[in-house]
Amino acid sequence: MSAMPDNVLPFELPKKPRLKLQDPLPDQRKIVVLPYKAILDERLNHATIRVLSAIAAFSNRAGITWVSQARIAKDLKISQQAVSKQVRKLKEFGYIEVVKDNSD
């Protein structure tokens, strides 16, 4: 029963690849650009300014970001629900705009 049929080609599994684990790159973000009016806006509290700053830290030069609320929550050590509440305020006050891609 150990004989191979004629129509089956013999093969061997390749050797396991050797993975070289690398240290993560250090955080390159050193400066965050915020609108000055946000600092003066009395409607924004400390938590709202922190969330706006975290969003700005992940934004490119055009002001576009794809950062998730979960990532912001993790970085700020708060819940995702707390981030969502502050994002709602920032949208309401016109500091951020959420644009969804409807091309799918």
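**View 1. His46 in helix H2 of the predicted model is exposed.** His46 has a relative accessibility of 62%. Because that value is over the 50% cut-off, His46 counts as exposed. The residue belongs to helix H2, which covers residues 46-57. In sequence, His46 and Ser59 are 13 residues apart. In space, their C-alpha atoms are 20 Å apart.

**View 2. Helices H2 and H4 cross at roughly 85°.** Two packed helices are described by the angle between their axes and the distance between the axes. Here H2 spans residues 46-57 and H4 spans residues 80-92. Their axes come within 9 Å. The crossing angle makes H2 roughly perpendicular to H4. On the H2 side, the contact is made by Ala47, Thr48, Val51, Leu52 and Ile55. On the H4 side, Val83, Gln86, Val87, Lys89 and Leu90 take part. By class, the residues of this contact are seven nonpolar, two polar and one charged.

**View 3. Gln86 of helix H4 is buried.** Its relative accessibility is 6%. Gln86 counts as buried because this value is under the 20% cut-off. Which residues does Gln86 contact, leaving aside its neighbours within four places in sequence? They are Asn45, Ala47, Thr48 and Val51. Of these, Ala47, Thr48 and Val51 also appear on the H2 side of the contact with H4.

**View 4. Lys77 has a positive phi in the loop between H3 and H4.** Helix H3 covers residues 69-76. Lys77 is found in the loop that leads from H3 to H4. What is the phi of Lys77 near? The value is near 60°, and the residue is not glycine. Most residues other than glycine have a negative phi. Lys77 is also exposed, at 74% relative accessibility.

**View 5. The charged end of Arg29 sits over the ring of Phe58.** The distance from the charged end of Arg29 to the ring centre of Phe58 is 4.2 Å.

**View 6. The charged end of Arg43 sits over the ring of Phe93.** Here the charged end of Arg43 lies 4.1 Å from the ring centre of Phe93. How many aromatic pairs does the structure hold? The count is zero.

Technical notes. Residues numbered from 1 in each chain as written. Predicted model: local features only at pLDDT ≥ 70, side-chain atom pairs only at ≥ 80, totals over all residues. Heavy atoms only, no water. Axes fitted to C-alpha atoms, helices over the stretch in contact; angles between N-to-C directions. Helix = DSSP H or I, 4+ residues; strand = E, 2+ residues; numbered from the N terminus. Parallel < 35°, antiparallel > 145°, perpendicular 65-115°, else oblique. Contact = heavy atoms within 4.5 Å. Nonpolar A, V, L, I, M, F, W, Y, C, P; charged D, E, K, R; others polar. Buried < 20%, exposed > 50% of the residue type's maximum accessible area, 1.4 Å probe, protein only. Phe/Tyr/Trp six-rings, centres within 6.5 Å; stacked < 30°, edge-to-face > 60°. Lys NZ or Arg CZ within 6 Å of the ring centre and 35° of its normal.
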